[in-house]
Amino acid sequence: MMQHTSVRNFTDEKIPVDILKTIIEAGRAASTWKNFQSYSIINISNEVTKQKIYDLQPQKSIKGASNFLVFVGDLNRAEKAVKLHTDVFYPEGIENLLISSVDASLVAQNTLLAAESLGYGGVIVGLIRDQATELSALLNLPDYTYPLFGLALGVPARQNDVKPRLPYEAVVFDETYKVQETKVIQDYDQMQAEFSGERRLGTDWSERIVAQFGTPSQTATLENLQAKGLMK
Ligand SMILES: Cc1cc2nc3c(=O)[nH]c(=O)nc-3n(C[C@H](O)[C@H](O)[C@H](O)COP(=O)(O)O)c2cc1C
């Protein structure tokens, strides 16, 4: 687990179907809210579909992966369970979104770890949410479902160095929360710059946070959730 690095470049070798199934079954052993299992996984191995997703969100890991798994937050089965017993159904809102997003995330992380344990590699691709509506149409996602992220899996073309995390003390606190000094951020900017070396993206770690949280968030996710009956 401590050797994890995201892999974005893959060889042409495919993950055998039975091994992929075992990897995903290991993923599905994850804990899940009240055993509801509020997620689905779309396994994309077809090159045409991979290309269509790449056209929406041009990240090379999507096209290069042996399998691109789209993790879907899913209350569609929940609707069927509820309707067995009552006519009312309240899928909307933040709490329900957290239930399905956390369930899907735990399965995805387990899946990635299982793949890594067998020598495969992968990367989570969250930016597919920028094209949530188009992707939902492409994958025939029904009401009460939404694409959360993809997981590109395959045989690593090369081994990356393990990316340093924030210091333990900046993230793990004894007994109560400890608000951090700005210096923690500056020191980590420095650490990241040294780690990246030649491959530096030209921006500091903290500047990349500005691009996310210093600007209004994209609206594609909300619009798609509203269209699918998951947000008002
Ligand atoms: C929810 C989520 C979404 C992510 N989305 C992307 C993405 O769209 N593209 C990408 O290249 N990496 C993506 N990543 C991978 C992160 O950039 C990566 O995990 C992080 O930089 C730490 O690097 P490491 O995994 O190599 O340790 C995502 C990771 C998570 C958890």
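Reader: Is glutamine 190 buried, partly exposed or exposed?

Author: This is a predicted model, and glutamine 190 is placed in helix H8. Buried means under 20% relative accessible area and exposed means over 50%. The relative accessible area of glutamine 190 is 46%, so the residue is partly exposed.

Reader: What distance separates the C-alpha atoms of glutamine 190 and tryptophan 205?

Author: Glutamine 190 belongs to helix H8, and Trp205 is one of the residues of H9 in the contact with H8. Along the chain, glutamine 190 and tryptophan 205 are 15 residues apart. The separation of their C-alpha atoms is 8.7 Å.

Reader: How are helices H8 and H9 oriented to each other, roughly parallel or roughly perpendicular?

Author: Two packed helices are described by the angle between their axes and the distance between the axes. For helix H8 (residues 182-196) and helix H9 (residues 205-213), the axes are 7 Å apart and the angle is about 110°. Angles of 65 to 115 degrees count as roughly perpendicular. H8 is therefore, with respect to H9, roughly perpendicular.

Reader: Which residues of H9 make the contact with H8?

Author: On the side of H8, the contact is made by Ile185, Tyr188, Asp189 and Gln192. By class, the contact of the two helices has three nonpolar, two polar and two charged residues. From H9, the contributors are Trp205, Ser206 and Arg208.

Reader: What is the order of the strands in the open sheet?

Author: The sheet has four strands, with antiparallel pairing. Strand E1 (39-44) and strand E3 (121-125) each have a single partner strand, so they stand at the edges, with one side of each left without a neighbour in the sheet. From one strand to the next, the twist averages 25°. The order is E1-E2-E4-E3.

Reader: Over how many bridges does E2 pair with E4?

Author: The two strands pair in the antiparallel sense. One position in this pairing is glycine 73, which stands opposite tyrosine 146 in E4. As for E4 itself, ten of its ten residues are buried. The number of bridges between E2 and E4 is eight.

Reader: Which residue in E4 is the bridge partner of valine 123?

Author: E3 and strand E4 (residues 145-154) pair in the antiparallel sense over five bridges. Isoleucine 124 stands opposite leucine 151 in E4. E3 is mostly covered, with four of its five residues buried. For valine 123, the bridge partner in E4 is alanine 152.

Reader: Which element gives the most residues to the largest nonpolar core?

Author: In soluble globular proteins, nonpolar side chains tend to be buried together. The largest nonpolar core here has 28 residues, and Phe71 and Leu153 touch the most other members. Helix H1 (17-27), strand E2 (67-74), helix H5 (94-117) and E4 are the elements that give two or more residues to this core. With seven residues, the element that gives the most is H5.

Reader: How many residues are in the other core, the one that includes Val7 and Phe10?

Author: This other core lies apart from the largest nonpolar core. Val70 and Leu135 are also among its members. Its number of residues is 16.

Reader: Is aspartate 74 buried or exposed?

Author: Aspartate 74 lies in strand E2. Leaving out residues up to four places away in sequence, aspartate 74 touches Ser38, Tyr39, Ser40, Ser100, Tyr144 and Thr145. Its relative accessibility is 8%, and the cut-off for a buried residue is under 20%. Aspartate 74 therefore counts as buried.

Reader: With which residues is glutamate 116 in contact, leaving aside its neighbours within four places in sequence?

Author: Glutamate 116 lies in helix H5. Its C-alpha atom is separated by 11 Å from that of methionine 2, a residue 114 residues apart along the chain. The residues in contact with glutamate 116 are His4 and Thr5.

Reader: What is the phi of lysine 34?

Author: Most residues other than glycine have a negative phi. Lysine 34, in the loop between H1 and E1, is exposed, with a relative accessible area of 63%. Although lysine 34 is not a glycine, its phi is positive, at about 50°.

Reader: Where is asparagine 140 placed?

Author: Asparagine 140 has a positive phi near 55° and is a residue other than glycine. With a relative accessible area of 67%, asparagine 140 is exposed. Its place is in the loop between helix H6 (132-138) and E4.

Conventions. Residues are numbered from 1 along each chain as its sequence is written. This is a predicted model: local features need pLDDT of at least 70, side-chain atom pairs count only at pLDDT 80 or more; totals for chains, interfaces and linings use all residues. Side-chain values use heavy atoms; hydrogens and water are left out. Two strands pair if DSSP finds at least two bridges between them. Axes are lines fitted to C-alpha atoms, for helices over the stretch in contact, and angles run from 0 to 180 degrees between N-to-C directions. Angles under 35 degrees count as roughly parallel, over 145 as roughly antiparallel, 65 to 115 as roughly perpendicular and the rest as oblique. Contact means heavy atoms within 4.5 Å. Ala, Val, Leu, Ile, Met, Phe, Trp, Tyr, Cys and Pro count as nonpolar, Asp, Glu, Lys and Arg as charged, and the others, Gly among them, as polar. A nonpolar core is a set of buried Ala, Val, Leu, Ile, Met, Phe, Trp, Tyr and Cys residues joined through side-chain atoms within 4.5 Å. Buried means under 20% relative accessible area, exposed over 50%, partly exposed in between (1.4 Å probe, protein chains only).
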